[in-house]
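Please open the structure in the viewer and keep the sequence panel visible. The tour proceeds from the whole chain to selected residues.

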Amino acid sequence: LGATLERPGWRLGRWVGQGGFAGVGVMDDVKILAQFAGKTHCQTWNFNGNIKAAEAALASPLIGRRVLASKNVCHGVFYNDSLHDLFAAVARKSSGKQQK
């Protein structure tokens, strides 16, 4: 994404990405996965792998909307047939629509 931000004429309506961490004090204790119990901070690979690119994407006016799911939330999602079918239905419904 970092290099793509430098392409002339490029814009992105919505960026959905995994980044950051929602730990103790941000999430309900019952929703925190065991490997993150008691943690308030935790490095994430996606943002820490290229900090300059992550900061550029987060600040860029070329991205209309940013939706970020924290590391521990993503690790708690189970991708199964039901979730796949839900995503497919949304994709079919929104196919060809321009995002604002």
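What percentage of the 100 residues of the chain count as buried? The figure is 22%. Please bear in mind throughout that the model is predicted.

**The whole chain**

Begin with the chain in cartoon view. Its secondary structure consists of 4 helices and 2 strands, and these follow the pattern β-α-α-β-α-α along the sequence. The chain is more spread out than a compact globule, because its radius of gyration is 16 Å, well over the 13 Å that the globule rule gives for 100 residues. Rotating the view along the principal axes shows a C-alpha trace that spans about 45 × 35 × 20 Å. Of the contacts between residues at least 6 apart in sequence, 71% join residues at least 24 apart. If a surface is displayed, the accessible area comes to about 7,600 Å², and carbon and sulfur atoms account for 55% of that area.

**The nonpolar cores**

Next, select Leu5, Trp10, Trp15, Phe47, Ala54, Ala57 and Ile63, the 7 residues of the largest nonpolar core. Then select Phe21, Ala22, Met27 and Ile32, which are among the 5 residues of a second, separate core. In soluble globular proteins, nonpolar side chains tend to be buried together.

**Ser70**

Now move to Ser70, in the loop between β2 (63-69) and α3 (71-74). Is Ser70 buried or exposed? Ser70 counts as buried because its relative accessible area is 11%, under the 20% cut-off. Leaving aside residues up to four places away in sequence, Ser70 touches Gly19, Gly20, Phe21 and Ala22. Phe21 and Ala22 were selected a moment ago as members of the second core.

**An aromatic pair**

The whole structure contains 3 aromatic pairs. One of them can be seen by selecting Tyr79 and Phe87, whose rings form a tilted pair, 6.0 Å centre to centre with 40 degrees between the planes. Tyr79 is exposed, with a relative accessible area of 53%, whereas Phe87 is partly exposed at 45%.

**Ser94**

Finally, select Ser94 in helix α4 (residues 81-94). Ser94 is partly exposed, at 28% relative accessibility. Which backbone oxygen lies 2.9 Å from a polar atom of the side chain of Ser94? It is the backbone oxygen of Val90. To close the tour, add Leu1 to the selection: Leu1 and Ser94 are 93 residues apart along the chain, and their C-alpha atoms are separated by 23 Å.

Terms used:
Residues are numbered from 1 along each chain as its sequence is written. This is a predicted model: local features need pLDDT of at least 70, side-chain atom pairs count only at pLDDT 80 or more; totals for chains, interfaces and linings use all residues. Side-chain values use heavy atoms; hydrogens and water are left out. A nonpolar core is a set of buried Ala, Val, Leu, Ile, Met, Phe, Trp, Tyr and Cys residues joined through side-chain atoms within 4.5 Å. Buried means under 20% relative accessible area, exposed over 50%, partly exposed in between (1.4 Å probe, protein chains only). A polar contact is a pair of N or O atoms within 3.5 Å; within protein, one must be able to donate a hydrogen and the other to accept it, and residues adjacent in sequence count only if both atoms are side-chain atoms. Rings of Phe, Tyr and Trp (its six-membered ring) pair if their centres lie within 6.5 Å; planes under 30 degrees apart count as stacked, over 60 as edge-to-face and the rest as tilted. Contact means heavy atoms within 4.5 Å. The radius of gyration is taken over C-alpha atoms; the globule rule is 2.2 Å times the number of residues to the power 0.38. Accessible areas come from the Shrake-Rupley method with a 1.4 Å probe; for residues, only the protein chains shown count as cover.
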